[in-house]
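Student: Hey, got a minute to go through a structure with me? Let's pull it up.

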Amino acid sequence: MSDCRIEFSKTGRSKFISHLDLTHTIQRAFFRAGLKMRHSQGFNPHPVMSIAIPLSVGHESLCELMDYSPEDNVPFEEIPMRLNGAMPEGIEVISAYAPERKFRDIVYVKVHGIFRYDGCTDYGCKAKEVSDMFEEERPITVEKKSKKGVTETDIRPLIREIEFSAMEDCVAMECIIRAQEPGLNPSYIVKAIEKYAPLSAPEFVKFTRVSFLDSDSHLFR
């Protein structure tokens, strides 16, 4: 059987599961669902699987992707139902299908954000200030962690699109940002607001991945 890609969401309490724990959780779910994964050869065999672009702890996602090599002939359409019966609360398999491209072809990720402010009475003002900040033609530098340490990084080139709008009880953000090589964690957008528009820095933020995109901003599958 050809390799299989599963698309799943990770929301609610499951957003606090780390990437490593998520891997173990999925492996146990496969075992409980009676689905067989091919294992590597050698002294210490491990399941042949990979999850695209690890999600930060505390962030939700509607579009997580995982590839694995089956060792059985279970039809793709049957896999979501079997896995969902074995998954913990907050992880739901949406679909299973044959991969069309490699994860390296993911270039952008679409992210939805919710910004909340204690005691705010004018969300329109907050939305305008942060919108104006990103519309200005200047570098937006923040301290960014990497394997080489902490460096000042201009995040503007890593943002393809960004928009803020005032809602009834919050400010909503929609953005398309670089996913990898290099990628941008949306938390750095908040750090930029804290630096350049501190009066509009939110007290609480919720980020949700919406979709992965290719270099032309087309949906990645």
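Student: Which backbone nitrogen does the side chain of Asp 214 reach at 2.8 Å?
Tutor: That's the backbone nitrogen of His 218. Keep in mind that this is a predicted model.

Student: And at 2.9 Å, which backbone nitrogen does that side chain of Asp 214 reach?
Tutor: The one of Asp 216.

Student: Where does Asp 214 lie, relative to the strands?
Tutor: In the segment after β10.

Student: Is Asp 214 buried or exposed?
Tutor: Buried: the relative accessible area of Asp 214 is 7%, and the cut-off for buried is under 20%.

Student: What is Asp 214 in contact with, leaving aside neighbours within four places in sequence?
Tutor: Arg 101, Asp 105, Val 107, Tyr 108 and Phe 220.

Student: How far is the C-alpha of Asp 214 from that of Met 167?
Tutor: They're separated by 30 Å, with the two residues 47 apart along the chain.

Student: OK, switching to pockets. What volume does the largest pocket have?
Tutor: About 300 Å³. It has 17 lining residues, and the closest to the pocket centre are Pro 54, Ser 56, Leu 184, Asn 185 and Arg 209.

Student: Which strand gives the largest share of that lining?
Tutor: β10, with three residues. Strand β5, spanning 108-116, also supplies at least two, as does β10, spanning 204-213.

Student: How do the lining residues divide into nonpolar, polar and charged?
Tutor: Nine are nonpolar, five are polar and three are charged.

Notes. Residues numbered from 1 in each chain as written. Predicted model: local features only at pLDDT ≥ 70, side-chain atom pairs only at ≥ 80, totals over all residues. Heavy atoms only, no water. 1 Å grid on protein atoms, 1.4 Å probe; cavity = no way out; pocket = protein on both sides within 12 Å on 5 of 7 lines; lining within 4 Å. Points joined across faces, edges and corners; volume = space filled by probe spheres on them. Helix = DSSP H or I, 4+ residues; strand = E, 2+ residues; numbered from the N terminus. Nonpolar A, V, L, I, M, F, W, Y, C, P; charged D, E, K, R; others polar. Buried < 20%, exposed > 50% of the residue type's maximum accessible area, 1.4 Å probe, protein only. Contact = heavy atoms within 4.5 Å. Polar contact = N/O pair within 3.5 Å; in protein donor to acceptor, adjacent residues only side chain to side chain.
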